[in-house]
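Biologist: I would like a close look at a single part of this protein, explained slowly enough for a first-year student to follow.

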Amino acid sequence: MTNYGTIPTSSSSPTPTTTNLEFLSRAKHRIKHSLSTRRPWSLMFHLRSFSLPRSFPDAISRVRTNLSFFQSNYAILSLLVLFLSLLWHPISLIVFVLLLAAWLFLYFLRDEPLLILNRTVSDRVVLAVMAVLTIGLLLLTGATVNILVAVLIGVVVVVVHAVVRGTDDLYLDEEEAAAAAALTSPAS
């Protein structure tokens, strides 16, 4: 009996070890892909792009554009500041690590848009909900002063960077440009 032209397939059912290895392989691929699509840190801290804004409206425009462009980088930076503030509070740190896993799956490592009740949830909504959830749950752990100081430091670092980082060399795609234009235009 000949089997010319057939594609050999495995007739045995997958073992738990192979499914675990496939899951880890897919997770590794998603992590590499997600991290490679984030804005490069070298672009964020390009020294020649730093200057003081000419006016207050210029500063506001810079903040809006940089927040849109470096959204993920700013989230990572803020989470790092929060993590460092929790090193001496083990319960808060455990809660933070669990929330960090939720951040990874819901915000940083998603390939597709998040769907809830057949509606697409934007990245900005996920970012806002996860930020409020993270701060709210961490405040319940008793490290209130550390958390509030860390959030304040994170906000100050992000705003200062967004104000002094020029936007001339940033190129948004069409969707990001439309979102940034909607943010910078005055409400009618």
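Which residues does the UniProt annotation "transmembrane region" cover, and how are the helices there arranged?

Modeller: This is a predicted model, and in the unreviewed UniProt entry the annotation "transmembrane region" covers residues 67–85 and 121–141. For orientation, the protein has 8 helices and 2 strands, and from the N terminus on its elements run α-α-α-α-α-β-β-α-α-α.

Let us take the two annotated spans in turn. Residues 67–85 are 95% helix and 0% strand, and the C-alpha atoms at the two ends of this span lie 23 Å apart. Residues 121–141 are 81% helix and 5% strand, with end C-alpha atoms that lie 29 Å apart.

Now we can look at how helix α4 (residues 71–85) is placed against helix α6, since two packed helices are described by the angle between their axes and the distance between the axes. The axes of α4 and α6 come within 12 Å and cross at roughly 5°; because angles under 35 degrees count as roughly parallel, α4 is roughly parallel to α6. On the α4 side the contact is made by Gln71, Ala75 and Leu82, and on the α6 side by Asp123, Arg124, Leu127, Thr134 and Leu138. Sorted by class, this contact of α4 with α6 has 4 nonpolar, 2 polar and 2 charged residues.

One of these contact residues, Arg124, deserves a separate look. Arg124 is found in helix α6, which is made up of residues 123–139, and its C-alpha atom is separated by 8.7 Å from that of Gln71, although the two are 53 residues apart along the chain. Arg124 has a relative accessibility of 34%, and it therefore counts as partly exposed. In the protein as a whole, buried residues make up 26% of the 188 residues.

A second helix pair offers another angle to consider. Helix α3 (residues 56–69) packs with helix α7 (residues 144–164) at an angle of about 110°, and their axes are 7 Å apart, so that α3 and α7 are roughly perpendicular to each other. The crossing in which α3 passes α7 is right-handed. Here the contact is made by Ala59, Arg62, Val63, Asn66 and Leu67 of α3, together with Val158, Val159, His161, Ala162, Val163 and Val164 of α7. By class, the contact of α3 with α7 has 8 nonpolar, 2 polar and 1 charged residues.

Technical notes
Residues are numbered from 1 along each chain as its sequence is written. This is a predicted model: local features need pLDDT of at least 70, side-chain atom pairs count only at pLDDT 80 or more; totals for chains, interfaces and linings use all residues. Side-chain values use heavy atoms; hydrogens and water are left out. Axes are lines fitted to C-alpha atoms, for helices over the stretch in contact, and angles run from 0 to 180 degrees between N-to-C directions. Helices (H or I, at least four residues) and strands (E, at least two) are DSSP runs, numbered from the N terminus. Angles under 35 degrees count as roughly parallel, over 145 as roughly antiparallel, 65 to 115 as roughly perpendicular and the rest as oblique. A crossing is left-handed if the near helix is turned anticlockwise from the far one by less than a right angle, and right-handed if clockwise. Contact means heavy atoms within 4.5 Å. Ala, Val, Leu, Ile, Met, Phe, Trp, Tyr, Cys and Pro count as nonpolar, Asp, Glu, Lys and Arg as charged, and the others, Gly among them, as polar. UniProt positions are given in the numbering used here, feature names are shortened, and annotations may be inferred rather than shown by experiment. Buried means under 20% relative accessible area, exposed over 50%, partly exposed in between (1.4 Å probe, protein chains only).
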